[in-house]
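Here is a quick walk through one protein model and the ligand it holds. Have a look at the structure first, then read on.

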Amino acid sequence: MTDALHQFQTTCDQTGASPTADIRRIVADLGYPARWNWCWENYKPTVIELSRARGLRRHLEIGAGRDPLFQPDEATQLDLDITLNDISAHELSLAPSGYGKVLCDIAAPDAPDIVGRGAYDLAYCRMVMEHVPDVAAMWRNIGEALTPNGVALAFFPTLYALPYVMNRLIPEKLSRVLLETVFPERKPDGDDPKFPAHYDFCFSGEDRLMPMLRRAGFSNAVILPFWGYSYFSKFPILRDVDAAFNRLAERRDWRAASSFAYVVATK
Ligand SMILES: C[S@@+](CC[C@H](N)C(=O)[O-])C[C@H]1O[C@@H](n2cnc3c(N)ncnc32)[C@H](O)[C@@H]1O
(Lines give C-alpha, C1' and ligand atoms only; values in the text may rest on other atoms or scores of the structure.)
Protein backbone atom coordinates (compact mmCIF):
# COMPACT_ATOMS: atom_id res chain seq x y z
CA MET A 1 0.00 0.00 0.00
CA THR A 2 1.41 3.44 -0.87
CA ASP A 3 1.79 6.02 1.88
CA ALA A 4 -0.80 8.17 0.12
CA LEU A 5 -3.35 5.33 0.11
CA HIS A 6 -2.59 4.57 3.76
CA GLN A 7 -3.06 8.26 4.64
CA PHE A 8 -6.26 8.32 2.60
CA GLN A 9 -7.68 5.26 4.37
CA THR A 10 -6.70 6.67 7.75
CA THR A 11 -8.52 9.90 6.94
CA CYS A 12 -11.61 7.91 5.95
CA ASP A 13 -11.46 5.81 9.10
CA GLN A 14 -11.27 8.95 11.19
CA THR A 15 -14.16 10.62 9.45
CA GLY A 16 -16.45 7.59 9.87
CA ALA A 17 -18.90 5.74 7.66
CA SER A 18 -21.34 6.88 4.96
CA PRO A 19 -20.09 9.34 2.32
CA THR A 20 -16.39 9.04 2.98
CA ALA A 21 -16.66 5.25 3.36
CA ASP A 22 -18.41 5.15 -0.02
CA ILE A 23 -15.61 7.19 -1.52
CA ARG A 24 -12.97 4.91 -0.02
CA ARG A 25 -14.73 1.84 -1.38
CA ILE A 26 -15.28 3.40 -4.81
CA VAL A 27 -11.69 4.44 -5.42
CA ALA A 28 -10.36 1.21 -3.87
CA ASP A 29 -12.61 -0.77 -6.25
CA LEU A 30 -11.29 1.33 -9.13
CA GLY A 31 -7.77 0.40 -8.02
CA TYR A 32 -6.56 3.84 -6.83
CA PRO A 33 -2.84 4.29 -7.19
CA ALA A 34 -1.70 7.89 -6.65
CA ARG A 35 -0.58 8.26 -10.28
CA TRP A 36 -1.50 11.05 -12.67
CA ASN A 37 -2.82 8.76 -15.40
CA TRP A 38 -5.19 7.06 -12.94
CA CYS A 39 -6.81 10.35 -11.97
CA TRP A 40 -7.46 11.24 -15.62
CA GLU A 41 -8.77 7.80 -16.59
CA ASN A 42 -10.91 7.31 -13.50
CA TYR A 43 -12.54 10.70 -12.97
CA LYS A 44 -15.62 9.76 -14.95
CA PRO A 45 -15.91 6.25 -13.41
CA THR A 46 -15.56 7.88 -9.97
CA VAL A 47 -18.43 10.30 -10.72
CA ILE A 48 -20.59 7.43 -12.03
CA GLU A 49 -19.92 5.18 -9.05
CA LEU A 50 -20.44 8.02 -6.59
CA SER A 51 -23.77 8.81 -8.24
CA ARG A 52 -24.83 5.16 -8.10
CA ALA A 53 -23.68 4.55 -4.54
CA ARG A 54 -25.49 7.56 -3.11
CA GLY A 55 -28.36 7.95 -5.59
CA LEU A 56 -27.12 11.35 -6.79
CA ARG A 57 -29.16 12.15 -9.90
CA ARG A 58 -29.17 15.92 -10.28
CA HIS A 59 -25.71 16.95 -11.42
CA LEU A 60 -24.08 20.35 -11.83
CA GLU A 61 -20.91 20.27 -13.92
CA ILE A 62 -19.00 23.46 -13.13
CA GLY A 63 -16.77 24.93 -15.83
CA ALA A 64 -17.93 22.17 -18.14
CA GLY A 65 -16.75 24.11 -21.18
CA ARG A 66 -17.07 22.65 -24.65
CA ASP A 67 -16.40 19.11 -23.48
CA PRO A 68 -18.82 18.04 -20.75
CA LEU A 69 -18.09 14.86 -18.85
CA PHE A 70 -21.22 13.07 -20.11
CA GLN A 71 -22.73 13.14 -23.58
CA PRO A 72 -26.53 13.61 -23.60
CA ASP A 73 -27.17 9.95 -24.51
CA GLU A 74 -24.98 8.80 -21.62
CA ALA A 75 -26.92 11.06 -19.25
CA THR A 76 -30.13 9.44 -20.47
CA GLN A 77 -28.73 5.91 -20.08
CA LEU A 78 -27.50 6.67 -16.58
CA ASP A 79 -30.75 8.49 -15.71
CA LEU A 80 -28.89 11.70 -14.81
CA ASP A 81 -30.32 15.20 -14.93
CA ILE A 82 -27.27 17.30 -15.82
CA THR A 83 -26.85 21.07 -15.83
CA LEU A 84 -23.72 22.56 -17.37
CA ASN A 85 -22.19 25.74 -16.01
CA ASP A 86 -19.43 27.90 -17.46
CA ILE A 87 -18.24 31.49 -17.19
CA SER A 88 -17.73 31.60 -20.97
CA ALA A 89 -20.72 31.87 -23.31
CA HIS A 90 -18.43 30.77 -26.15
CA GLU A 91 -17.38 27.56 -24.37
CA LEU A 92 -20.98 26.74 -23.42
CA SER A 93 -22.12 27.34 -27.00
CA LEU A 94 -19.63 24.69 -28.19
CA ALA A 95 -21.01 22.09 -25.74
CA PRO A 96 -23.63 19.74 -27.20
CA SER A 97 -27.27 20.65 -26.66
CA GLY A 98 -29.55 18.48 -24.56
CA TYR A 99 -28.65 19.79 -21.09
CA GLY A 100 -29.62 22.75 -18.98
CA LYS A 101 -26.89 25.38 -19.43
CA VAL A 102 -26.15 28.10 -16.87
CA LEU A 103 -23.81 30.94 -17.74
CA CYS A 104 -22.14 32.46 -14.67
CA ASP A 105 -18.96 32.86 -12.67
CA ILE A 106 -19.28 30.09 -10.08
CA ALA A 107 -17.47 32.30 -7.53
CA ALA A 108 -19.72 35.36 -7.98
CA PRO A 109 -21.96 36.43 -5.07
CA ASP A 110 -25.13 35.78 -7.09
CA ALA A 111 -24.02 32.38 -8.46
CA PRO A 112 -26.19 30.28 -6.06
CA ASP A 113 -29.30 32.16 -7.21
CA ILE A 114 -28.35 31.75 -10.87
CA VAL A 115 -27.53 28.03 -10.76
CA GLY A 116 -30.23 27.31 -8.15
CA ARG A 117 -30.02 26.94 -4.36
CA GLY A 118 -30.25 23.38 -3.06
CA ALA A 119 -30.91 22.18 -6.60
CA TYR A 120 -28.17 19.55 -7.05
CA ASP A 121 -27.17 16.23 -5.51
CA LEU A 122 -23.69 16.23 -7.02
CA ALA A 123 -21.51 19.10 -8.26
CA TYR A 124 -18.17 18.45 -9.92
CA CYS A 125 -15.46 20.13 -11.92
CA ARG A 126 -12.34 19.08 -13.76
CA MET A 127 -9.45 21.50 -14.36
CA VAL A 128 -11.53 24.52 -13.32
CA MET A 129 -10.48 25.36 -9.75
CA GLU A 130 -7.06 26.65 -10.80
CA HIS A 131 -8.76 29.26 -13.02
CA VAL A 132 -10.92 30.69 -10.24
CA PRO A 133 -9.28 33.61 -8.38
CA ASP A 134 -11.44 33.18 -5.24
CA VAL A 135 -11.77 29.45 -4.60
CA ALA A 136 -13.23 29.88 -1.09
CA ALA A 137 -16.16 31.77 -2.68
CA MET A 138 -16.51 29.00 -5.27
CA TRP A 139 -16.80 26.33 -2.55
CA ARG A 140 -19.27 28.43 -0.54
CA ASN A 141 -21.44 28.75 -3.65
CA ILE A 142 -21.18 25.02 -4.39
CA GLY A 143 -22.33 24.36 -0.82
CA GLU A 144 -25.36 26.62 -1.42
CA ALA A 145 -26.20 24.88 -4.69
CA LEU A 146 -26.19 21.39 -3.13
CA THR A 147 -28.98 19.62 -1.27
CA PRO A 148 -28.28 18.87 2.42
CA ASN A 149 -26.97 15.40 1.44
CA GLY A 150 -25.13 16.73 -1.59
CA VAL A 151 -21.59 15.84 -2.59
CA ALA A 152 -18.97 17.92 -4.40
CA LEU A 153 -15.97 16.60 -6.32
CA ALA A 154 -13.18 18.79 -7.66
CA PHE A 155 -10.28 17.51 -9.77
CA PHE A 156 -7.51 20.06 -10.15
CA PRO A 157 -3.74 20.53 -10.60
CA THR A 158 -1.75 21.13 -7.43
CA LEU A 159 1.19 23.23 -6.36
CA TYR A 160 4.12 22.90 -6.20
CA ALA A 161 4.41 20.63 -9.24
CA LEU A 162 7.04 22.20 -11.49
CA PRO A 163 4.89 22.93 -14.58
CA TYR A 164 2.32 24.80 -12.47
CA VAL A 165 4.94 26.75 -10.54
CA MET A 166 6.40 27.79 -13.91
CA ASN A 167 2.94 28.67 -15.21
CA ARG A 168 2.25 30.82 -12.14
CA LEU A 169 5.61 32.59 -12.14
CA ILE A 170 5.98 33.20 -15.86
CA PRO A 171 3.87 36.06 -17.26
CA GLU A 172 0.67 34.74 -18.90
CA LYS A 173 1.69 35.88 -22.41
CA LEU A 174 5.03 34.07 -22.27
CA SER A 175 3.67 30.85 -20.71
CA ARG A 176 0.97 30.81 -23.38
CA VAL A 177 3.57 31.02 -26.17
CA LEU A 178 5.69 28.27 -24.56
CA LEU A 179 2.74 25.91 -24.06
CA GLU A 180 1.30 26.52 -27.52
CA THR A 181 4.71 25.87 -29.12
CA VAL A 182 5.05 22.45 -27.46
CA PHE A 183 1.34 21.56 -27.60
CA PRO A 184 -0.33 23.26 -30.63
CA GLU A 185 -3.76 21.97 -29.54
CA ARG A 186 -3.59 24.42 -26.61
CA LYS A 187 -3.96 27.44 -29.01
CA PRO A 188 -7.14 29.57 -28.56
CA ASP A 189 -8.67 28.05 -31.71
CA GLY A 190 -7.46 24.53 -30.84
CA ASP A 191 -9.37 21.71 -29.14
CA ASP A 192 -7.92 22.41 -25.68
CA PRO A 193 -7.28 26.16 -25.28
CA LYS A 194 -5.30 27.54 -22.35
CA PHE A 195 -7.16 29.57 -19.71
CA PRO A 196 -5.36 31.91 -17.26
CA ALA A 197 -4.57 30.09 -14.01
CA HIS A 198 -4.35 31.42 -10.42
CA TYR A 199 -3.93 28.18 -8.37
CA ASP A 200 -5.82 29.57 -5.38
CA PHE A 201 -6.13 26.69 -2.83
CA CYS A 202 -4.69 24.26 -5.39
CA PHE A 203 -3.05 22.01 -2.81
CA SER A 204 -3.47 18.37 -1.81
CA GLY A 205 -2.66 18.78 1.90
CA GLU A 206 -5.56 18.41 4.34
CA ASP A 207 -4.11 21.18 6.51
CA ARG A 208 -4.40 23.67 3.66
CA LEU A 209 -7.83 22.71 2.39
CA MET A 210 -9.91 21.47 5.31
CA PRO A 211 -10.29 24.81 7.18
CA MET A 212 -11.48 26.51 3.99
CA LEU A 213 -13.90 23.64 3.19
CA ARG A 214 -15.33 23.74 6.73
CA ARG A 215 -15.87 27.49 6.49
CA ALA A 216 -17.66 26.84 3.20
CA GLY A 217 -20.11 24.50 4.99
CA PHE A 218 -18.59 21.06 4.26
CA SER A 219 -18.16 18.80 7.28
CA ASN A 220 -16.29 15.90 5.66
CA ALA A 221 -13.83 15.65 2.83
CA VAL A 222 -11.50 13.11 1.32
CA ILE A 223 -8.46 14.47 -0.48
CA LEU A 224 -6.67 12.16 -2.90
CA PRO A 225 -3.25 13.28 -4.11
CA PHE A 226 -1.65 12.20 -7.40
CA TRP A 227 1.89 12.54 -8.66
CA GLY A 228 3.32 12.91 -12.18
CA TYR A 229 2.19 14.41 -15.49
CA SER A 230 3.02 14.29 -19.19
CA TYR A 231 4.14 17.90 -19.69
CA PHE A 232 7.81 16.97 -20.14
CA SER A 233 7.09 13.98 -22.41
CA LYS A 234 8.88 15.60 -25.36
CA PHE A 235 12.11 16.24 -23.36
CA PRO A 236 13.64 12.79 -22.63
CA ILE A 237 16.28 13.64 -19.96
CA LEU A 238 14.12 16.15 -18.11
CA ARG A 239 11.16 13.72 -18.35
CA ASP A 240 13.11 10.82 -16.81
CA VAL A 241 14.70 12.81 -13.99
CA ASP A 242 11.40 14.48 -13.18
CA ALA A 243 9.52 11.14 -13.29
CA ALA A 244 12.04 9.62 -10.84
CA PHE A 245 11.50 12.56 -8.48
CA ASN A 246 7.73 12.19 -8.76
CA ARG A 247 7.91 8.48 -7.92
CA LEU A 248 9.98 9.30 -4.83
CA ALA A 249 7.53 12.05 -3.83
CA GLU A 250 4.64 9.58 -4.20
CA ARG A 251 6.37 6.94 -2.04
CA ARG A 252 7.10 9.54 0.64
CA ASP A 253 3.65 11.15 0.35
CA TRP A 254 5.15 14.60 -0.24
CA ARG A 255 1.95 16.53 -0.74
CA ALA A 256 3.80 19.73 -1.64
CA ALA A 257 5.15 17.94 -4.72
CA SER A 258 1.86 16.38 -5.88
CA SER A 259 0.54 17.32 -9.32
CA PHE A 260 -3.20 16.70 -9.10
CA ALA A 261 -5.85 16.09 -6.47
CA TYR A 262 -9.42 14.97 -6.10
CA VAL A 263 -11.37 16.60 -3.29
CA VAL A 264 -14.64 14.88 -2.48
CA ALA A 265 -16.59 16.88 0.10
CA THR A 266 -19.93 16.38 1.84
CA LYS A 267 -21.98 18.94 3.75
C1 LIG B 1 -9.45 24.04 -18.69
S2 LIG B 1 -11.13 24.27 -19.06
C3 LIG B 1 -11.83 22.72 -18.49
C4 LIG B 1 -13.10 22.38 -19.19
C5 LIG B 1 -13.72 21.02 -18.78
N6 LIG B 1 -14.05 21.02 -17.37
C7 LIG B 1 -12.79 19.89 -19.11
O8 LIG B 1 -12.28 19.24 -18.22
O9 LIG B 1 -12.58 19.64 -20.31
C10 LIG B 1 -11.67 25.39 -17.81
C11 LIG B 1 -13.10 25.81 -17.95
O12 LIG B 1 -13.50 26.49 -16.76
C13 LIG B 1 -14.25 27.62 -17.13
N14 LIG B 1 -14.18 28.58 -16.02
C15 LIG B 1 -13.11 29.30 -15.63
N16 LIG B 1 -13.41 30.08 -14.59
C17 LIG B 1 -14.70 29.81 -14.28
C18 LIG B 1 -15.60 30.32 -13.30
N19 LIG B 1 -15.20 31.24 -12.40
N20 LIG B 1 -16.87 29.87 -13.28
C21 LIG B 1 -17.28 28.94 -14.19
N22 LIG B 1 -16.47 28.43 -15.15
C23 LIG B 1 -15.21 28.86 -15.20
C24 LIG B 1 -13.59 28.08 -18.42
O25 LIG B 1 -14.40 28.96 -19.18
C26 LIG B 1 -13.34 26.76 -19.10
O27 LIG B 1 -14.43 26.32 -19.87
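## Around Phe218 and the core

Leaving out residues up to four places away in sequence, Phe218 touches Trp139, Ile142, Gly143, Leu146, Ala152, Leu213, Ala265, Thr266 and Lys267; contact here means heavy atoms within 4.5 Å. Before going further, note that this is a predicted model, where local features need pLDDT of at least 70, side-chain atom pairs count only at pLDDT 80 or more, and totals for chains, interfaces and linings use all residues. Residues are numbered from 1 along each chain as its sequence is written, and side-chain values use heavy atoms, with hydrogens and water left out.

Phe218 also turns up in the largest nonpolar core, which has 82 residues. Such a core is a set of buried Ala, Val, Leu, Ile, Met, Phe, Trp, Tyr and Cys residues joined through side-chain atoms within 4.5 Å. Buried means under 20% relative accessible area, exposed means over 50%, and partly exposed is in between (1.4 Å probe, protein chains only). The residues with the most contacts inside this core are Tyr124, Trp139, Ile142, Leu213, Phe218 and Tyr262. In soluble globular proteins, nonpolar side chains tend to be buried together.

Leu213 sits in helix H10 (residues 206–215), where Glu206, Leu209, Met210, Met212 and Leu213 are buried. Helices (H or I, at least four residues) and strands (E, at least two) are DSSP runs, numbered from the N terminus. Just after H10, Gly217 takes a positive phi of about 100°.

## The ligand

Which residues are closest to the ligand? They are Gly63, Asp86, Asp105, Ile106 and Arg126, out of 17 residues that surround the ligand; to be near, a residue needs one of its heavy atoms within 4 Å. That shell divides into eight nonpolar, five polar and four charged residues. In this scheme Ala, Val, Leu, Ile, Met, Phe, Trp, Tyr, Cys and Pro count as nonpolar, Asp, Glu, Lys and Arg as charged, and the others, Gly among them, as polar.

Three side chains pair with polar atoms of the ligand, as tabulated here. A polar contact is a pair of N or O atoms within 3.5 Å; within protein, one must be able to donate a hydrogen and the other to accept it, and residues adjacent in sequence count only if both atoms are side-chain atoms.

| Side chain | Ligand atom | Distance |
|---|---|---|
| Asp86 | oxygen | 2.5 Å |
| Asp105 | nitrogen | 2.8 Å |
| Arg126 | oxygen | 2.7 Å |

Taken alone, the ligand exposes 590 Å², and the protein buries 89% of that. Accessible areas come from the Shrake-Rupley method with a 1.4 Å probe; for residues, only the protein chains shown count as cover.

## Backbone oddities

Most residues other than glycine have a negative phi, and most peptide bonds are trans. Asp79 goes the other way, with a positive phi near 60°. It lies in the loop between helix H4 (72–77) and strand S2 (81–86), and Asp79 is partly exposed at 45% relative accessible area. Tyr199 has a positive phi too, near 65°. Is Tyr199 buried or exposed? It's buried, with a relative accessible area of 3%, in the loop between helix H9 (172–182) and H10.

Then there's a cis peptide bond joining Leu159 and Tyr160, with omega about 15°. Tyr160 lies in the loop between strand S5 (146–157) and helix H8 (162–169).

## Strands and the H9–H10 loop

Ser204 is in the loop between H9 and H10 and counts as buried at 1% relative accessibility. Its side chain makes a polar contact with the side chain of Ser258 at 2.8 Å. Beyond its neighbours within four places in sequence, Ser204 is in contact with Thr158, Ile223, Pro225, Arg255, Ser258 and Ala261.

Ile223, one of those partners, lies in strand S6 (residues 220–226) and is buried at 1% relative accessible area. Among the residues that Ile223 touches are Glu206, Leu209 and Met210, which are buried residues of H10.

Pro188 belongs to the loop between H9 and H10, but Pro188 is exposed, with a relative accessible area of 56%. Outside its neighbours within four places in sequence, Pro188 is in contact with Arg66, Arg176, Glu180 and Pro193.
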